[in-house]
Structures are given as C-alpha cells and as structure tokens.
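I opened a fresh page today to note what I look up, one item at a time. Here is the structure I am working from.

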Amino acid sequence: MNFLSKEWILGYVFAGLFLLMTLFVPGFFEAYNLINMLFQLPELGILSLGMMVVLLTAGIDLSITFLAALAGVIVATLLTNGYSVPVSILAGVATALAGGLLNGFFIAVVGVSPILVTLGTMTLFEGIVLLLTKGNSISGFPESYSLIGNGLLGAVPIPILIFAAIAVILSILLNKTAWGRSVYMFGNNPTATLFSGINTTRVVLWVYLFAALMAAVAAIIMTSRYNSAKVDIGSSYLLQSIAVAVLGGTSISGGYGKVIGVVLAVGIFQIISNGLNLLGVSSMVIDMLMGTILIGVLLINYVSAKRKQSQTA
Amino acid sequence: MSKILKSSELGIGVILLLLSTALAVTSPVFLTGDNILDILKGNAVLGILAIGMTLVIITGGIDVSVAAVTAAITVIIGKLAVSLHDSGWSLVAIFLAAPLVGALLGLINGLLVAKTKIPPIVATLGTKSILAGATLYVTNGAYMNSSDLPEAFLRFAQWKPLGVSVLILIFFAVALFTWFLLNHTVIGRSVVAMGGNPVSAMRAGIHLQSVQLFVYAYMGCLAGIAAIVQTAYTKGVDPNGFNGFELTVIAAVVLGGANIMGGYGSIPGTILGVLLLGVMQNGLILAHVDTFWQDIVTGAIILIAVTYDVIKRKREEANRAKIEIEA
C-alpha cells in the first residue's frame, strides 16, 4: 500500500478538516448539521462522478448541468400535468440519455472535439429549457416525489444512499468490466486502444451516456429537494464538478482518476463550505477559497511530480 | 483566389452572407446603416475578447477566466470613477489602469500555465473562481449607474468621430493591431509556430514559456480594454454582467474557424464568427422570433459549423497523396 498516493493524501486532508471543524466550529458536529450536509453533497457528487468518467477519456462535458436542467424540467412538467412519478422519472431519464447520445454521436462517431460539441449542446439544451419554461420555474410536485430528495431511510438521507450506490457501482464498472478498463486505456492512448481491437467508438459513446444518466439522477434529486425546476438549476455546478474531479486526482488529459478520490474531494468541498458558512464567512469568500485550493493542490502535485522526477533521474 | 476558396473562413463567410441576404429581404430595417452600426457596437466587447482568445487558442490553450477578469476591471473602473470624480485625470487613470491591471491578471494565468504545466482550462478555472468571488465580495453585487460615472467618461462614451461610435473604432483598432502583430512581428509568428508544433518551435529557438506568458497577458490586457468599452456601452457597472460570457467568446472564436487543439486561427475568421453571432441575434429580434429560440439556433449553428469543419478536414486528409509505410 502506498500511503502517500493522491487518494490517501485526500483522505488525510478530509479527516484533518473534519477534526478541525469539529474542534473549532460550534454547531458543526451536531446531528442536524451532519445530516444536512448529507442532503447537500450528493447533487455535486453525482455530477462530479459523471464528469470524472468523461475526463478519463480526455474529454469534457460542458453540457452536463443544462442537460440536468432539461431532464429536471421534463420531469417537473409531466408531474405537474398529472403523470405518475415513475412515468415522469422515466421520461426525464430518457430525455437525458437522448441528449447524451447526441453528445456521444458527434464526439465518438463524427470525431469533433468534446469541448466544442458540448459547448454547442450546452447552448442548445439551455435554449430548449428556456423555450419549455419561458424562463419561469415549475413547482408543486406530489408528496411521494419530494421524498426522493428530502426523505430519510432510518436515519440516513435518501440522496446520500443514491450517491453511495452510484459510487460503488461505478467503481465496479471501472475496475472490473471490459468497458471500464477500456475507458482508462482510451484515455491513455486512443490509437493503441483501437489497435488492440477495442471498439473505441462504442466505449466513448457509453461514457457520454453515463454522464447523461448522472445528469438525470442529479436533476431528480435537485428538483425533488427544491420542489421546483428552472433553467439555472445546478448551473453553478458545472465548473465545480470539473474542479471536484480534478481535486480528486482525476487527470484532465485522461487516463487517471479514481471514484474514491472524487468522493473524498466532494466531501472536502462540502466540509469547507459548510464549516465556513457556520462561521459566518460569506459565500463569495468561500468561492475564492475553492479556487485557491484548486490551484494549490495542482501546484503541490506539480512540485511532488517534479521532485519524483529528479529523484529517478 | 484558390487560396481564398480553400480557406476555412470561407464556410462561415458564406453562412454570414446567406443569413444577411435573407434578413435584408425579409426585414427592411436590417440593411440600414444605423442597424449595422448597432450590431457592431453591441458586439464590440465580444469582438475584443474573442480576438484575444484567438491568440490563446492558437497556442493550444484556453482562458475561461476572461469574463471574470473583465467584470473585475469594470468594477475597478467604477471605483476609480467614484474616487476621482470628474477631474480630467479620471479618464487618463481609467485608460491606464484598465489594460494594465488586465495584463497583470493575465500574467498570473500565464505563469500558472507556462511554469507549472497546469492544464490551461483548470488553471484559469481556478483564477476565475477567485476573481469572481473577490468581485462579488467587494461590490456585494451592487450595480452602479451613469450618475456615478464622471462627465468626461460619459462624453467619451458618446463620442462619434466620423459618425461612427468610438466603441466600434476601438474594436477595429484592436483587430487591426492584433492582425498586424500576429502576421508581421516575431512574437506573433512565434505564437503561430508554437501552436503548429511546439517541439519544432522550441528547436527553432522559440522560448515557449515566454510565448505563453505573452498570450495570456495580452488576453488580459484586451479584457481591460473590453471592460472600458463595456462600461461606456452600458454607462454602468454590473458585477454580475458577464456570467458565462467566456463560453460565448470561445464559441465566436471556434465559429471563426480556429482549431481548439491549437495551431490554427485567424483574426478575420474570428471577426466573422463574432459577426455571425451578432447578426443572428439581431435577425431573430427583427424577425420577432421568440427570444427563447436564440440559444437553440446558436447551439445548432455551433454544432453544424464544427461538424462541417471536421468532415472537411477528414476529406482533405483522405485526398492527400498516400505514403505506404512498411510495418
């Protein structure tokens, strides 16, 4: 075991921050606050896992949050028009998957670079949401739907259970299935992967479908928790999800990244923003701090990589 | 002539021409001088930022902090205007401080990208959230209107030498200067060389880190100029006014035929990209199309343009003389 790997270091930071906040922030280590955090964290966490898988293939998905908004608005529209909860959710997921297929088609089949395709589809999805909602928010969902984002199973919030299940499944998918290994291979060397007889088009297509599915799940949790859906739901999560994935050790140029790293990074984000919030620090300062942390972590990575290099040389 | 026909600006030029013709036929207002000047004036900020972004993208980089940098500088302009109220110096101070602060902020991006090899999208993402947070913290999101701006600045904003708004002239001057820089100076040719092939450029004696420092600082400097133009255009300062604008800037550059992986991009192409976005928006308004359709049309056009570009490039590659390589 390498106790100095990126993931272990993230673990130490997570534990250290948790301890600090518990000791110095009144109200942090209280059941109410802890449960609150478990309600807040899954949205960003699920989107970040979707983003991570895309980053593994050296891609990027700028459309993920507006795709989530689109899925959320579809679910909300159907619910408020009297459709049942399962039907509405299915329709939302199907919409998101269609959007993911559109991304995947242009990226994997046509071969346009991911940042351009998702820049276009991002604007496209935003437009569709605006057209559907006319810029208004949709609200008023049945009781059973709001349970998804606000309910407890025993003492555990349902959203965190969904997040945990996704993290476990994704971890298995990435490490134990042919698709998962192909994703890492593709990220390291697309040409070599193709020449090893792997259908890279299909691998990449599934990556964007997976990200779309994550967008749908996050959308369902968000709409259910806020009891409303509108165009900018979750839009602030776009750059945050990239930041979390990178902070979690995912390489933006593809090929490296672990589920546990991203999960710890979301936890760190949540602890910092919650703790500072309790201390009465303004949310803008927290934004600045997140940016500083992102750059700081990358600088540390750079320095340690350089030191390792000079040792081997 | 054949060079013009093969250029990647042609496609977008043709789309722009078709769109303009259609608009001229359907709307009597479109082809009036006033309307065209309005389009140019309304897109001067986008144009200036897109020109800077073209250089960054040519080197294979990207700068998602431009919107935050521009917003931060509009706030600085506002603060300067208030503290120096209505002396002739306030204008001088604004025109000196804005590009200078911009260049310094850009230099920070440049240092992160050039010295530490942090991927540009991540490095600028970090500086973006720091700057955006700082801007909102300082201003509390409060809006400033024209009564806070000095008389001299307002007169400048209204100035129309030769009947053309000074804001449009600034946009043209930036475009012309950058075009000259890119095509006829050593640093400009180094930018293109680095984008084409960094290793060859290095072996040819180009110091890549300096080139990177230059493009990000230049981008920042143009963001400062764009901030002046924006403040003059809206006659106010809105700290939230640029949310998400960086993606529009990138879209304009890409529509203009620049290759997002680096190596290719041109100032005329970028201007066509800016004009296409501007004309489209103007046309949809003139045609009384629901504003909600604007994003859908913009998104569809981006998708079509980039797909066309890739298909064309693939076809060119297939048509090239083939060299058999023994395995």
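Before anything else, I need a cut-off: a residue is buried if 20 or more other C-beta atoms lie within 10 Å of its own, exposed if 12 or fewer, and partly exposed in between. I also remind myself that this is a predicted model.

**Entry 1: B:A93**

I tried the cut-off on B:A93, which lies in helix α6 of chain B. I got 16 C-beta neighbours inside 10 Å, so B:A93 counts as partly exposed. Next I asked which residues B:A93 touches, not counting residues up to four places away in sequence. I found B:L80 and B:L84. For B:L80 I also looked up the spacing: B:A93 and B:L80 are 13 residues apart along the chain, and their C-alpha atoms are separated by 7.6 Å.

**Entry 2: α6 against α8 in chain B**

I stayed with α6 of chain B, residues 88-116. Its axis and that of helix α8 (residues 151-158) of chain B come within 7 Å and cross at roughly 65°. On the α6(B) side I wrote down B:G88, B:S90, B:L91 and B:I94 as making the contact. On the α8(B) side I wrote down B:A152, B:F153 and B:F156. Sorted by kind, the residues of this contact come to five nonpolar, two polar and no charged.

**Entry 3: B:T178**

I moved on to helix α9 of chain B, residues 166-184, where I found B:T178. Is B:T178 buried or exposed? I got 20 C-beta neighbours inside 10 Å, so B:T178 counts as buried. Leaving out residues up to four places away in sequence, B:T178 touches B:I51 and B:I267. I also looked at B:G188, 10 residues from B:T178 in sequence, and got 8.6 Å from C-alpha to C-alpha.

**Entry 4: B:G195**

Then I picked B:G195 in helix α10 (residues 186-196) of chain B. It has 25 other C-beta atoms within 10 Å, so B:G195 is buried. Setting aside neighbours within four places in sequence, I listed its contacts as B:I58, B:T59, B:G60, B:G262 and B:G263. I looked closer at B:G60: the two residues are 135 apart along the chain, yet the C-alpha atoms of B:G195 and B:G60 are separated by 5.8 Å.

**Entry 5: α14 of chain B**

How far does helix α14 of chain B reach from its first C-alpha to its last? I got 28 Å for its 20 residues (267-286), close to the 28 Å expected at 1.5 Å a residue. Just after α14(B), I noticed that B:H288 takes a positive phi of about 55°.

**Entry 6: each chain as a whole**

I zoomed out to chain A and counted 13 helices and four strands. Its C-alpha atoms fill a box of roughly 65 × 55 × 35 Å along the principal axes. A compact globule of 313 residues would have a radius of gyration near 20 Å, and chain A has 20 Å, so the two agree. Buried residues make up 49% of chain A. Taking contacts in chain A between residues at least 6 apart in sequence, I saw that 77% join residues at least 24 apart.

Chain B gave me 15 helices and zero strands. Its C-alpha box is roughly 75 × 55 × 35 Å. For 327 residues the compact globule figure is near 20 Å, and chain B has 21 Å, so I noted agreement here too. Buried residues make up 47% of chain B. Of the chain B contacts with a separation of 6 or more, 79% come from residues 24 or more positions apart.

**Entry 7: the nonpolar core**

In soluble globular proteins, nonpolar side chains tend to be buried together. So I looked up the largest nonpolar core and found 196 residues in it. Those touching the most other members are A:A71, A:A211, A:A215, B:I48, B:L49 and B:L222. I followed up on A:A215: beyond its neighbours within four places in sequence, it is in contact with A:L47, A:G50, A:I64, A:L67, A:A68, A:A71 and A:A96.

**Entry 8: where the chains touch**

Last stop: the contact takes 38 residues from chain A and 37 residues from chain B. On the chain A side, α4 (85-110), α5 (114-133), α11 (237-247) and α13 (283-312) each supply at least two residues. Which of them gives the most? I found α5(A), with 13 residues. By kind, the chain A side divides into 25 nonpolar, 10 polar and three charged residues.

Technical notes
Residues are numbered from 1 along each chain as its sequence is written. Chains are lettered from A and ligands numbered from 1 in the order in which they are written. This is a predicted model: local features need pLDDT of at least 70, side-chain atom pairs count only at pLDDT 80 or more; totals for chains, interfaces and linings use all residues. Two residues are in contact if their C-beta atoms, placed from the backbone, lie within 7 Å. Ala, Val, Leu, Ile, Met, Phe, Trp, Tyr, Cys and Pro count as nonpolar, Asp, Glu, Lys and Arg as charged, and the others, Gly among them, as polar. Axes are lines fitted to C-alpha atoms, for helices over the stretch in contact, and angles run from 0 to 180 degrees between N-to-C directions. A nonpolar core is a set of buried Ala, Val, Leu, Ile, Met, Phe, Trp, Tyr and Cys residues joined through C-beta atoms within 7 Å. The radius of gyration is taken over C-alpha atoms; the globule rule is 2.2 Å times the number of residues to the power 0.38. The expected span of a helix is 1.5 Å times one less than its number of residues.
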